[in-house]
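Student: I have a new structure to look at, and I would like to go through it with you. Could we take it one question at a time?

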Amino acid sequence: MSAPNVSLLHETSRQVAAGGSAGLVEICLMHPLDVVKTRFQVQRSVTDPQSYRTVRGSFQMIFRTEGLFGFYKGIIPPILAETPKRAVKFSTFELYKKFLGYMSLSPGLTFLIAGLGSGLTEAVVVNPFEVVKVGLQVNRNLFKEQPSTFAYARQIIKKEGLGFQGLNKGLTATLGRHGIFNMIYFGFYHNVKNIIPSSKDPTLEFLRKFGIGFVSGTMGSVFNIPFDVAKSRIQGPQPVPGEIKYRSCFKTMEMIYREEGILALYKGLVPKVMRLGPGGGVMLLVYEYTYAWLQENW
């Protein structure tokens with residue numbers, strides 16, 4: 001293998017390792033908020049005595065009725081997907097950014113388009129895992145009473161197949177969710193990071209990067225949440241068992257808007273921001289510091 005190819009292989013391996021590490025840390029810290037977010041998004045009415053009204057009340061109800069492990073329902077699919085997902089997220093962003101560098105685009109636009117491309121690519125990889133995760137997260141049984149991750153995946157494949165009504169349902173909504181989030185997340189982070197001067201003080205530099213990552217994650221969450229709500233409705237349980245109400249992304253959004261109002265498209269925004277604000281900062285920091293360490297030592 002030639003020297004340039006070996007160098008490229010090492011570079012890609014570092015991006016995969018750094019991206020996987022960043023994702024794993026973020027998912028382990030923030031998964032309980034993801035469970036709460038999904039519960040908010042799939043409920044259609046707050047008149048049900050078992051409905052979720054506030055983030056604090058949701059945590060109390062889940063802990064009281066499902067125990068501590070209730071907050072970690074559906075965590076196995078994202079953990080299994082985390083290394084390929086984050087590897088795709090960061091490595092394809094770098095790849096698209098390098099490719100777009102050959103075109104006459106401004107740096108700001110390059111970051112946005114590369115982020116969009118990385119999100120769309122990531123969505124294709126992660127969607128089957130998301131279908132399984134959402135189904136497990138909305139199950140209100142005790143943790144030990146619900147099916148295992150692999151048993152539930154087999155159940156979906158047996159009943160609905162591998163296609164767009166089965167293990168890949170909600171793909172369009174997932175494409176919208178990840179595409180918009182990554183476009184804003186990477187676009188804002190890299191543009192603003194280049195504007196705000198770096199600091200020689202390690203603590204201030206850490207806070208600078210974390211702050212920009214926090215705002216990036218928050219903005220991405222605010223802009224992509226209608227796609228996230230549609231995704232949860234399509235991939236979660238339907239209102240009437242055996243009858244599919246939510247099929248396609250944009251029709252689902254239209255239906256939610258018509259029946260429940262515009263604010264229903266922003267259900268789960270608070271726990272989502274609570275997760276992906278700090279989670280966005282954590283992920284980019286872990287990625288950058290891990291990548292820098294790998295460059296020095298490998």
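Student: How much of residues 204-293 is helix?

Tutor: Residue numbers start from 1 along each chain as its sequence is written. The model is predicted: local features need pLDDT of at least 70, side-chain atom pairs count only at pLDDT 80 or more, totals for chains, interfaces and linings use all residues, and side-chain values use heavy atoms, with hydrogens and water left out. Helices (H or I, at least four residues) and strands (E, at least two) are DSSP runs, numbered from the N terminus. Over residues 204-293, the end C-alpha atoms are 19 Å apart, strand is 0%, and helix is 77%.

Student: And how far apart are the end C-alpha atoms of residues 106-195?

Tutor: Here the span is 76% helix and 0% strand. The end C-alpha atoms of residues 106-195 lie apart by 14 Å.

Student: Which helix holds F150?

Tutor: Look for the helix that covers residues 149-160. F150 has its place there, in α5.

Student: Which helix gives the most to the lining of the largest pocket?

Tutor: A pocket is an open set of points on a 1 Å grid over the protein atoms alone, where a 1.4 Å probe fits, with protein on both sides within 12 Å along at least five of seven lines; lining residues have an atom within 4 Å of a point. Helices α5, α6 (171-195) and α7 (202-235) each supply at least two lining residues. With five residues, the top contributor is α5.
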